[in-house]
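Take a look at the chain below. The report that follows works through its fold, one helix, two loops and a surface patch.

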Amino acid sequence: MNLSAIISLSRVLSKNSEMKMPDRKLYKALALIAVLGIMIPCTFIVGFISYVMTEALIEVGNPGGGVLFETQILSAFSMTFGIMVIFSIMFFSSDREHFTTLPIKSETLMMAKFFFAYFAESVMEFLILIAVFVGYGIAMGRNLGLWVAINPISLISMAAGVVLIPLVPMIYCAIFSLILMTGLAKFKSTKMFYRTSTIFLLLFALLFVYSLRGIGDVNMENYVVSLGSGDNSFLRVLNIIFFTVPWLSDAISSGSILKLFVYLLANVTLLFILYFLGKLLYQRGLYTAASLGSSTKAELKKDDIKEESQFVSSLKKELKVILRTKAFSGNCAYINVLWPAGALALLHFTKGKEAMAAFIDQFSTGNDRAEMILFMIIIGISFIATALNSLASTAFTREGQHLELIKFIPVPYKTQMLAKAAVCCIFTAPMLLITDIIICIYMHASVYICVFYALIMLMGHVIALIVGMSMDSAAPYREWDDEYSALRGNLNVFFSMAVMMVICIVAIAIGLIMHELLKLPIFAYYVAAFLILLGVMIRMIFVGPKIIVRNMEEMF
């Protein structure tokens with residue numbers, strides 16, 4: 001294995017893999033907001049969960065169980081959401097034809113692409129893992145003494161875990177890609193592969209639900225007890241799949257240098273297995289990818305040509321781009337179903353539990369604090385749902401290197417802009433309304449409250465839509481290699497989410513000030529939030545489209 005060549009090639013790949021930060025003060029401010037509003041709060045929350053879980057497991061005699069469970073969950077997520085990224089980067093990135101003509105061994109190219117994808121996908125996970133280990137260390141030091149928390153072998157094991165825990169799931173994804181790509185040479189279709197991430201997600205979800213059996217009342221306390229006793233079937237299965245993680249957990253909790261050595265050796269061994277499989281299969285897989293990409297097009301018939309309005313044609317084009325592209329359909333369109341599905345699952349399975357039943361009763365009897373909490377949740381969903389699906393913040397990025405077509409096709413900029421906005425509404429607004437109806441039914445809310453929440457959600461959606469499209473039109477990410485890079489490497493997605501997080505925090509702060517400090521009734525908060533959102537939305541409707549059209553004119 002030529003390690004220096006692999007490292008050099010990985011650096012070359014990483015040079016053009018992410019959107020370059022626009023040299024504007026606004027984007028620098030947004031970067032700071034994103035760090036302070038998303039990354040740091042997420043790491044603090046994860047660290048706190050790790051701390052609480054470790055303290056609970058210390059009481060049942062299994063202090064390392066929390067770290068083991070959290071790292072296994074992260075491994076499962078890495079494998080579920082990394083499979084399509086690895087597959088796309090290894091076989092279908094736009095630089096494939098360029099590299100295959102160079103005097104580079106196929107296995108060297110494969111390992112370089114693997115490490116590039118591994119580090120690009122794991123940056124946020126590294127931060128989360130640091131938070132997990134910090135929370136664990138604080139709990140251990142507080143309960144069992146400082147030396148237990150700062151044991152040198154334990155600290156080295158934690159440092160190794162931060163870097164290496166995402167490695168094994170990514171190796172699995174790469175091996176699976178190599179083997180399946182060899183089989184696709186006969187089927188000439190990638191549809192089977194594109195369904196694997198969904199299959200993995202369903203399998204892990206079913207395993208988690210299955211692990212809830214036999215623990216009695218479904219709550220955090222009983223689940224922690226099942227982890228401490230070793231009776232959790234979900235964790236047992238993950239310990240078999242990601243077999244290296246228990247060794248790391250033992251090395252951290254016991255300070256065992258032998259377990260640490262075995263863990264490191266297992267990771268190196270899996271890397272060499274990937275390398276030798278790549279030596280055997282990667283070149284063949286590249287040939288298969290080339291043949292899959294060169295399939296003949298269907299012949300255009302006279303009946304296929306129809307005269308339509310410019311808006312309808314633009315709208316159909318946007319819909320086809322999203323629905324026919326796996327990365328866009330899964331991450332931008334179908335992800336919206338999670339909101340009504342999640343609300344239904346949460347409320348249906350917890351409505352009889354003590355805490356939820358009490359909250360529903362308080363809300364239905366007109367308790368101001370319960371109404372305020374639910375209203376804050378509604379506001380949060382209205383903004384975050386639109387930012388999360390990234391339909392608005394990738395509206396122009398999705399064009400990629402064909403962005404110039406916006407200028408040359410005989411369709412006004414405003415019409416194209418409205419088509420992109422309409423697509424976002426089509427996939428997002430109905431799911432928000434269904435979520436609202438589900439919440440109101442289970443909370444026994446009146447029709448008037450349900451309609452009011454719907455208006456709030458729609459106003460938040462429109463504001464988030466215009467913000468996302470404005471940002472993406474100002475600095476679209478054009479030079480992406482594959483559709484997953486268009487989503488993962490687009491700073492506009494990250495910054496749009498940060499802006500929405502800040503808006504949610506401000507809205508919640510206003511509610512807390514009005515209700516808790518000024519002692520105003522909840523109706524005053526309703527009126528204030530409605531008028532503020534309405535004013536902002538109207539202002540954006542008048543100003544936003546003009547800004548977006550001007551940005552479109554200045555793109556070229």
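In which loop is Ser 390 found? Ser 390 lies in the loop that runs between helix 19 (368-389) and helix 20 (405-408). The model is predicted, and this report covers the chain before returning to that loop.

## Overall make-up

The chain has 25 helices and zero strands. Of its 556 residues, 49% are buried.

Contacts reach across the sequence. Among those with a separation of 6 or more, 83% join residues 24 or more positions apart. The accessible surface comes to about 27200 Å². Carbon and sulfur atoms hold 70% of that area.

## Helix 3

Helix 3 covers residues 65-91, 27 residues in total. From first C-alpha to last, helix 3 reaches 38 Å. The expected value at 1.5 Å a residue is 39 Å, so the two are close.

Where is the kink in helix 3 centred? The centre is Gly 82, and the kink is about 45°. Burial is extensive here: 24 of the 27 residues of helix 3 are buried, so the rest of the structure largely encloses this helix.

## The loop between helices 19 and 20

Ser 390 has a phi near 55°. That is a positive value in a residue other than glycine. Is Ser 390 buried or exposed? Its relative accessible area is 5%, under the 20% cut-off, so Ser 390 counts as buried.

Thr 394 is placed in the loop between helix 19 and helix 20. Thr 394 has a relative accessible area of 1% and is buried. Which residues does Thr 394 touch, leaving aside those up to four places away in sequence? They are Asp 472, Ala 486, Leu 487, Asn 490 and Val 493.

## The loop between helices 21 and 22

His 444 sits in the loop between helix 21 (413-442) and helix 22 (447-474). Phi of His 444 is near 60°, again a positive value in a residue other than glycine. The relative accessibility of His 444 is 57%. The cut-off for exposed is over 50%, so His 444 counts as exposed.

Set side by side, Ser 390 is buried, whereas His 444 is exposed. Both have positive phi: near 55° for Ser 390 and near 60° for His 444.

## A nonpolar surface patch

Which residues make the nonpolar surface patch of about 480 Å²? Leu 32, Val 35, Leu 36, Ile 40 and Phe 44 make it. One of them, Leu 32, is found in helix 2, which covers residues 25-59.

Definitions and conventions
Residues are numbered from 1 along each chain as its sequence is written. This is a predicted model: local features need pLDDT of at least 70, side-chain atom pairs count only at pLDDT 80 or more; totals for chains, interfaces and linings use all residues. Side-chain values use heavy atoms; hydrogens and water are left out. Helices (H or I, at least four residues) and strands (E, at least two) are DSSP runs, numbered from the N terminus. The bend at a residue is the angle between axes fitted to the seven residues ending there and the seven starting there. Buried means under 20% relative accessible area, exposed over 50%, partly exposed in between (1.4 Å probe, protein chains only). Patches are made of residues with over 30% relative accessible area and no salt bridge: like charges are joined within 9 Å, nonpolar side chains (Val, Leu, Ile, Met, Phe, Trp, Tyr) within 5 Å. Accessible areas come from the Shrake-Rupley method with a 1.4 Å probe; for residues, only the protein chains shown count as cover. A salt bridge is a side-chain nitrogen of Lys or Arg within 4 Å of a carboxyl oxygen of Asp or Glu. Contact means heavy atoms within 4.5 Å.
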